[in-house]
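Thanks for coming. I'll walk through a few features of this structure, and you can follow along on the screen.

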Amino acid sequence: MRDLFRKEISGWSRGEILWLGFSVTAISVISAIFNISRNMPVLSGDFVMSLSAAILGCLAAVFTGQGKLGAFVFGFLNSILYGLISFGYGYYGEFMVKFLVFIPLNVYGFTVWLRHINPLGNEASKRSLSLKGRLWLLLAISVFTGGYGILLMFLKGAYPFWDGFTTIMAIIALVLCIMRFSEHWILWMIINVVSVGLWAAPFIDGRGQPVAVLLMWGFYLINSVVMYMRWRKREKLERDFSASLN
């Protein structure tokens with residue numbers, strides 16, 4: 001187990017390790033302080049579940065950025081907890097996508113990345129979409145978001161079209177991630193902005209105070225920008241490395 005963990009963090013810079021540690025610590029501490037300040041129990045089931053989902057989500061996001069297989073292990077566990085939390089807040093689109101799509105895709109993604117590990121840094125190889133691929137991507141997002149939003153409206157979900165938008169975008173982003181396309185980070189940037197708004201809504205309308213989940217999405221937003229730049233840089237390094245072998 002120790003050797004496996006060392007292999008997973010091989011190639012990380014000190015700054016990247018510190019970023020992960022800071023994020024997990026900050027979310028945990030701020031969430032606890034918030035609950036204490038509102039006289040809410042720190043060890044309540046809701047708090048523990050939200051915090052656990054947030055920490056697992058942070059681990060999955062950072063490991064994805066590093067191109068490590070642990071991304072799908074943490075993503076699998078995060079999908080279970082986050083799906084249950086979403087159901088409790090009426091975000092049925094988020095709930096369904098986690099249980100019906102994300103859990104099986106995380107298993108599938110692990111097997112795909114396992115077959116495409118680049119010797120340079122011992123991480124998954126990376127590539128980019130063509131212009132034609134990007135145009136098809138925009139069309140797919142538009143069509144599926146509209147259809148799914150209508151379905152959620154009939155199910156009387158909270159904010160059906162915004163929920164549907166993040167749901168469809170998340171599915172497509174995960175598929176692109178599994179296929180190792182750098183553009184999945186651009187989709188996550190958009191998803192993260194919308195999701196921050198979705199999880200801020202319960203604070204505003206009084207339905208709840210999921211501070212850990214809100215902080216998780218804030219972390220995702222920052223992480224997606226940082227990791228997109230890293231993926232593009234690593235993509236170039238991998239091309240140069242492959243060219244030097246030929």
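I'll start with a charged pair: arginine 234 forms a salt bridge with glutamate 123, and the closest N and O atoms are 3.5 Å apart. Arginine 234 sits in helix 9, residues 211-245, while glutamate 123 belongs to strand 2, residues 123-124, so this pair ties together parts that are 111 residues apart in sequence. Keep in mind that this is a predicted model.

Are arginine 234 and glutamate 123 buried or exposed? Both are buried. For glutamate 123 the relative accessibility is 1%.

Glutamate 123 has another partner, lysine 126, with the closest N and O atoms 2.7 Å apart in that salt bridge. Lysine 126 counts as buried because its relative accessibility is 8%, and the cut-off for buried is under 20%.

Lysine 126 also meets glutamate 238 in a salt bridge, at 3.3 Å from N to O. That pair links distant parts of the chain: lysine 126 is in the loop between strand 2 and helix 6, glutamate 238 is in helix 9, and the two are 112 residues apart. Glutamate 238 is buried as well, with a relative accessible area of 3%.

Which residues do shared partners join into one network of salt bridges? They are Glu16, Glu123, Lys126, Arg230, Arg234 and Glu238. The structure as a whole holds eight salt bridges.

Next, the cysteines. How many disulfides does a search of the whole structure find? Zero. Cysteine 58 is in no disulfide, and the nearest cysteine sulfur, from cysteine 177, is 16 Å away. A disulfide needs the two sulfur atoms within 2.5 Å, so a separation of 16 Å rules this pair out. Cysteine 58 is buried, at 0% relative accessible area, and cysteine 177 also counts as buried, at 4%.

On to helix 3, residues 45-65. Its 21 residues, at 1.5 Å a residue, should span 30 Å, and the end C-alpha atoms are indeed 30 Å apart. Of those 21 residues, 15 are buried, so the helix is mostly covered. After helix 3 comes glycine 67, with a positive phi near 70 degrees.

Last, helix 5, residues 92-114, where asparagine 106 is found. Asparagine 106 is buried, with a relative accessible area of 6%. Beyond its neighbours within four places in sequence, its contacts include Phe72, Phe76 and Leu174.

Helix 5 also holds leucine 114, which joins Val73, Leu77 and Phe110 in a nonpolar surface patch of about 320 Å². Helix 4 and helix 5 each supply at least two residues of that patch.

Terms used. Residues numbered from 1 in each chain as written. Predicted model: local features only at pLDDT ≥ 70, side-chain atom pairs only at ≥ 80, totals over all residues. Heavy atoms only, no water. Helix = DSSP H or I, 4+ residues; strand = E, 2+ residues; numbered from the N terminus. Buried < 20%, exposed > 50% of the residue type's maximum accessible area, 1.4 Å probe, protein only. Contact = heavy atoms within 4.5 Å. Patch = residues over 30% accessible without salt bridge, like charges linked within 9 Å, V, L, I, M, F, W, Y side chains within 5 Å. Areas by Shrake-Rupley, 256 points an atom, 1.4 Å probe, with all protein chains shown as cover. Salt bridge = Lys/Arg side-chain N within 4 Å of Asp/Glu carboxyl O. Expected span 1.5 Å × (residues − 1).
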